[in-house]
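Thanks for making time this morning; I would like to talk through helix packing and aromatic contacts, and I will ask you to keep the structure in view while I do so.

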Amino acid sequence: MLKTPGKSQIMKTHTKTGPAGQTFKCEANGLNELAKAKTLKVAKVVSYGPNYITTEFIESGTTSKEFFKLFGESLAKLHKFKALEYGFYEDNFIGQTPQKNIPEGEEKHNWPLFYFNKRIMPQYYLAEKNGLLSPKLAKGIKNLENKIDQILENTSSEGASLLHGDLWGGNYICDKKGQAVLIDPAVYYGHRETDLAMTRLFGGFTQDFYKAYNQEYPLLPGWQEREPIYLLYHLLNHLNIFGSSYLHAAENCL
């Protein structure tokens, strides 16, 4: 942690080269994009380069009784911040895995097509390359390709929401004022249910969070049936990062 008069900063570093050396640039661009919505507090970017990023240091506080209610409301307001197209102006990373964001053709306005082509299939090909693709998983994804339009029917009507992209319990901090602060995003514009699905993958978000979210921005009917398809992306990513221990969970999602 770096200290300057009146403020503290934190620096993350790595020694990666090639495409992986772009992670901090993408992290900075993602944080700056989230800040545009002016809803949830975001760790302010100070500077970044190929091997480092410096942000303001967020001193942790204690969650209040209202913390998750306010967090849910604020996330719903973030999701009301829209773009005209799905995706983002640059590819970035989900964890250390490249995440493709630049839409092509119909993907710009067709959420099921964007999601299948830019989320599911890159993970599929990576699992195949890594020798992690079971026959059951391959067959399930083939079936999904034929049914995804039906499963995600009408989701495109809500438009493209600004998403954190990797919203699990480790990617926010409660600051000294008791406010949620977002860190480590995998930003793009997509369907808002993807962020909510990720909050449920490992748990840690209370019912007050979901209730407050739904009061501020009610979910479309059928969100429960769509949730597994959004969890699938993250389970495939964990399969590719951590190995076969996530294979059964990915197969069950399908």
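Let me begin with helices H3 and H7, whose crossing is left-handed, and let me say straight away that we are looking at a predicted model. The axes of H3, residues 111-129, and H7, residues 223-242, come within 9 Å and cross at roughly 20°, and since angles under 35 degrees count as roughly parallel, H3 and H7 are therefore described as roughly parallel to each other. On the H3 side the residues that meet H7 include Trp-111, Tyr-115 and Arg-119, while those on the H7 side include Tyr-230, Tyr-233 and Asn-237. Sorted by class, this contact of H3 with H7 has eleven nonpolar, three polar and one charged residues.

Now to the second pair, where H2, residues 67-79, packs against H6, residues 207-216, at an angle of about 40° with the axes 7 Å apart; H2 and H6 are therefore oblique to each other, and the crossing in this case is right-handed. Among the contacting residues are Phe-68, Phe-71 and Leu-75 of H2, together with Phe-209, Ala-212 and Tyr-213 of H6. The class count for H2 with H6 is seven nonpolar, two polar and five charged residues.

That brings me to the aromatics, of which a search of the whole structure finds 23 pairs. In one of them, the ring centres of Phe-67 and Phe-68 are 5.0 Å apart and the planes stand at 85°, so the pair is edge-to-face; both Phe-67 and Phe-68 are buried. Phe-67 and Phe-68 also belong to one aromatic cluster with Phe-71, Tyr-172, Phe-205, Phe-209 and Tyr-210.

Conventions. Residues numbered from 1 in each chain as written. Predicted model: local features only at pLDDT ≥ 70, side-chain atom pairs only at ≥ 80, totals over all residues. Heavy atoms only, no water. Axes fitted to C-alpha atoms, helices over the stretch in contact; angles between N-to-C directions. Helix = DSSP H or I, 4+ residues; strand = E, 2+ residues; numbered from the N terminus. Parallel < 35°, antiparallel > 145°, perpendicular 65-115°, else oblique. Left-handed = near helix turned anticlockwise from the far one by under 90°. Contact = heavy atoms within 4.5 Å. Nonpolar A, V, L, I, M, F, W, Y, C, P; charged D, E, K, R; others polar. Phe/Tyr/Trp six-rings, centres within 6.5 Å; stacked < 30°, edge-to-face > 60°. Buried < 20%, exposed > 50% of the residue type's maximum accessible area, 1.4 Å probe, protein only.
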